[in-house]
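Q: I'd like a close look at one part of this model: any closed-off space inside it. Please start from the outside and work inward.

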Amino acid sequence: MEAIKLNQIGISFKGSGSYVPNQILTNQNISKKVDTSDEWIKSRTGISERRISGIGENVVNMGYEAALAAIEMASWDIDSIDLIILATSTPHDLFGSAPSIQAKLAAHNAVAFDLTAACSGFLFALVTASQFLKMGSYKRALVIGADQLSSYVDWNDRRSCILFGDGAGAIAIEATNEFNNFIGFDMKTDGERGSFLNLPFNNNIDSIINNIDFMNGGFSPIQMNGQEVYKFAVKEVPIILNNLFKKINYSSEDVDWLVLHQANQRILDSVGERLKIPKEKILSNLEYYGNTSAGTIPLMIDEAIRNNKIKQNDIIATSGFGAGLSWGAALIKWG
Ligand code: COA
């Protein structure tokens, strides 16, 4: 590749990939476990089924498959990858899972690390990677979103277990001095509202020896106040996207595709209405996958690219939102 001049560095979107486990859990299946129904789940969320990791599956092998597909689409040599960021809240190793993906890919020249921001994780990781590229530090980055929430869902809690599934997606981005397709972004967190959605440390107290106690490692299942999270999403997502449009002199009419974090169809519809973006521009695949946390946005983008919906130079407005609370928005041009 040619040398890049720092003041002209832009971002190019080169490839995408995704992976979901084969095992399908339908609404009817869940109704055998808790008091719910296909009709209730579908009408309140839009979800029909979700994927559950098989035995031995985890964010490393899901993220690896998604990454490999993105690298193939980008036609990259593995050795040319400088940076791998894995957005996940469910690492296979709490010390970090990205280096295991790096090892599986044999991406020997890349530095790899995890980033945790729940359902905003992919968006935050994309912004983080783009900053390394724009500063001239690295040229090629792989941004992966992968989560295995099935391991942390309380499968006896009908208010939350209906929503989540497992999956991964990846996007390959590259520094270029010819144009900039990462048009703008914004990110926000509000820890004061963090208690609305948690996967908390379980605080189990044990003793090492007499009088020396410690808190045993481990996490409690997901705890969620669904109504508060819903209100947060339908209020904050249109605000952050509208403010971003204003900041960069765009309008919602310039958008070819709205790719929101796939949490609930009613959230997607409401945000679309508030932004005055017509339904046919709002991408949705949550009917088949539910909420795969950091996986949803790249999984949706990859599916739309491979189905020839998203094409070169299409403008995509995207927003991730969820636990933290955290939320963010980005405007990109594909290609
Ligand atoms: N099946 C049947 N009934 C259920 C149910 C289920 N799976 N879950 C809850 N209910 C019941 C409740 O017990 C309640 O009954 P009650 O009125 O007798 O007390 C009733 O349905 C309504 O519950 P409510 O919580 O008000 O439902 P809702 O319309 O808010 O829908 C969610 C619940 C979870 C689908 C919705 O709040 C939501 O999607 N929130 C956002 C969550 C989210 O996206 N989280 C991840 C963000 S990244």
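A: Accessible areas here come from the Shrake-Rupley method with a 1.4 Å probe. On that basis, this predicted model exposes about 15000 Å², and carbon and sulfur atoms supply 47% of that area.

Now for the overall build. The protein has nine helices and 15 strands. Its radius of gyration is 20 Å, close to the 20 Å that the globule rule gives for 335 residues, so the protein is as compact as a globular protein of that length. The C-alpha trace spans about 60 × 50 × 40 Å along its principal axes. If you count contacts with a separation of 6 or more, 76% of them are between residues 24 or more positions apart. Of the 335 residues, 55% are buried, with buried meaning under 20% relative accessible area.

On to the part you asked about. There's one cavity of 30 Å³ or more in the structure, and the largest cavity has a volume of about 40 Å³. Who's in the wall? Its lining is made up of Phe 13, Phe 122, Leu 126, Ile 171, Ile 297, Ile 301, Thr 318, Ile 332 and Trp 334. Helix H5 (121-134) gives at least two residues to that lining, and so does helix H9 (296-306). As for chemistry, eight of the lining residues are nonpolar, one is polar and none is charged. Thr 318 is on the lining list and is the polar one, since Thr falls outside both the nonpolar and the charged groups.

Conventions: Residues numbered from 1 in each chain as written. Predicted model: local features only at pLDDT ≥ 70, side-chain atom pairs only at ≥ 80, totals over all residues. Heavy atoms only, no water. 1 Å grid on protein atoms, 1.4 Å probe; cavity = no way out; pocket = protein on both sides within 12 Å on 5 of 7 lines; lining within 4 Å. Points joined across faces, edges and corners; volume = space filled by probe spheres on them. Helix = DSSP H or I, 4+ residues; strand = E, 2+ residues; numbered from the N terminus. Rg over C-alpha atoms; globule rule 2.2 N^0.38 Å. Buried < 20%, exposed > 50% of the residue type's maximum accessible area, 1.4 Å probe, protein only. Contact = heavy atoms within 4.5 Å.
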